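Thanks for coming, everyone. Let me put the structure up on the screen, and then we'll go through it piece by piece.

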Amino acid sequence: MHGFCEPYYVLHMVLRKISILNYKNIEAAQLELSHKVNCLIGDNGVGKTNFLDALYFLSFCHSAFQSVDSQTIMHDRDLFVIEGEYANEREEPEIIYCGMKRGQKKHFKRNKKEYKRLSAHIGLIPLIMVSPADIALIDGYSEERRKFMDVVIAQYDHSYIDALNAYNKALQQRNALLKQEEEPDAMLLDIWEREMAREGTRIFEARSAFIAEFENVFQEIYSRIAQSREQVGVHYVSHAQRGDLLEVIQRDRMKDRIVGYSLHGMHRDDLEMFLDGYPMKREGSQGQRKTFAIALKLAQFDFLRRTASKTTPILLLDDIFDKLDASRVEQIVRLVSGEDYGQIFITDTNRQHIDSILRAGNSHYKLFLVENGKITLGEESYVQA
């Protein structure tokens, strides 16, 4: 893994064009995009977030919001298609295609060649999406916080996805044995427990290394947005910190048998979040919690930019300025307008927020108007600082 202080050269992957057919409420869209700032203005519920979700799909092979792929197909239609034309600074094109018909599996292609394994695509086009749903990182279940770690690590370490899949398979098998009415086969239990411990240790090491580097960057970004008014922190909590993971898993086998599932392991990991030394969930105001969530995601961005792919992620900012005071909005705008950020997509209902972002940056932008799933170019310009 690459440290934050190492010298490095970072590529900018840019989405030049996108075609969307029957994705959620977007019936058809063909857009040429700005290499820097793309703003989408429109009322709530008209399709701005659906457009960002299509971009997310091209990076991660699935929707950010729907767990069932077929639910993203427009009502009364038989298929959806998303195709993006990307390029890096060396002008090397990458055509990414995704299509799916109802009742069939989705097809994912890179330069017309279909992937054998979708996991091979993850990390090619790094992307970070910041949205109101991120408040679940603070208020939601531990599953949200594990996913937060996993999404980043998987984008720079492909073996991590394999470890997660192997661990989850072993966990499911062990749980199935624990649920049996008759006494489970002790040797089978032992096999799956050893698999859980082996893959779980690998997951633990990756998550520990990630948080060790991540926390300082997160604190720095939060401090910039809040202008040093509060101290924040994140602390990784895992059963693997209690000693040998196999022993920890096996120690409560009888109790696991009674409840019918595994009480210990990496599937119970969590991130504790603090504001001035107290739990953020309990102490933070609405604005502080929103700032915390945004800082987590922007630190995610910074971490990805500096790790294995050496590619600046595409940044999606979905209606993030609501319920933040003017000072915090201004600091976020200054931050994302800096040279460390590449291509940005911003949605908002408020034209004033968009104008303040455009004024803060000396760069090319395109502004799109969104109405009932239709996306049209409003204006295109360079802003002079």
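Strand S2, residues 14-23, runs antiparallel to S3, and 6 bridges join the two. To find the register on your own screens, look for Ile 18, which stands opposite Leu 31 in S3. Do keep in mind that what we have here is a predicted model.

That pair belongs to an open sheet of 6 strands, ordered S3-S2-S5-S6-S7-S8, with antiparallel pairing. Which strands stand at the edges? They are S3 (26-32) and S8 (113-114); each has a single partner strand, so one side of each is left without a neighbour in the sheet. Helix H1, residues 48-60, lies across S2, S3, S5 (79-87), S6 (93-101) and S7 (107-110). The helix runs at about 110° to S2.

Now to another sheet. Here 3 strands form an open, antiparallel arrangement in the order S10-S11-S12. S10 (232-237) and S12 (278-279) are the edge strands, each with a single partner, so one side of each has no neighbour in the sheet. S10 pairs with S11, residues 270-275, in the antiparallel sense over 6 bridges, and Gly 233 stands opposite Phe 274 in S11. Two helices to point out here. Helix H5, residues 186-226, packs on the sheet and touches S10 and S11, with its direction making about 175° with that of S10. Helix H3, residues 142-156, also lies across S10 and S11, but H3 runs at about 100° to S11.

Next, strand S15, residues 344-348. Is this strand enclosed or open to the outside? Well, 5 of its 5 residues are buried, so S15 is largely enclosed by the rest of the structure. In a regular strand the side chains alternate between the two faces of the sheet. In S15 both faces are covered: Ile 344, Ile 346 and Asp 348 are buried on one side, and Phe 345 and Thr 347 are buried on the other.

What does S15 pair with? One partner is S4, residues 37-41, in the parallel sense over 5 bridges; there, Asn 38 has Phe 345 as its bridge partner. Another is S14, residues 314-318, also parallel, over 4 bridges, where Leu 317 is matched with Ile 346. From S14 the chain passes through H10 to reach S15, and this β-α-β crossover is right-handed.

Since H10 has come up, let's see how it packs. The axes of H9 (residues 286-306) and H10 (residues 326-336) come within 12 Å and cross at roughly 5°, which makes H9 roughly parallel to H10. On the H9 side, the contact involves Gly 287, Gln 288, Thr 291, Ile 294 and Leu 298; these meet Arg 328, Ile 332, Leu 335 and Val 336 in H10. By type, the residues of this contact divide into 5 nonpolar, 3 polar and 1 charged.

One last stop, for those of you who like contact maps: Leu 178, in helix H4, residues 158-179. Leu 178 has a relative accessible area of 1%, so it counts as buried. Leaving out residues up to four places away in sequence, Leu 178 touches Leu 189, Arg 253, Asp 256, Arg 257, Gly 260, Tyr 261 and Ser 262. Take Tyr 261: the two are 83 residues apart in sequence, yet their C-alpha atoms are 6.1 Å apart in space.

That's my tour, and I'm happy to rotate the view to any part you'd like to revisit.

How values were computed
Residues are numbered from 1 along each chain as its sequence is written. This is a predicted model: local features need pLDDT of at least 70, side-chain atom pairs count only at pLDDT 80 or more; totals for chains, interfaces and linings use all residues. Side-chain values use heavy atoms; hydrogens and water are left out. Axes are lines fitted to C-alpha atoms, for helices over the stretch in contact, and angles run from 0 to 180 degrees between N-to-C directions. Angles under 35 degrees count as roughly parallel, over 145 as roughly antiparallel, 65 to 115 as roughly perpendicular and the rest as oblique. Contact means heavy atoms within 4.5 Å. Ala, Val, Leu, Ile, Met, Phe, Trp, Tyr, Cys and Pro count as nonpolar, Asp, Glu, Lys and Arg as charged, and the others, Gly among them, as polar. Buried means under 20% relative accessible area, exposed over 50%, partly exposed in between (1.4 Å probe, protein chains only). Two strands pair if DSSP finds at least two bridges between them. A crossover is right-handed if, with the strands pointing away from the viewer, the path from the first strand over the helix to the second runs clockwise.
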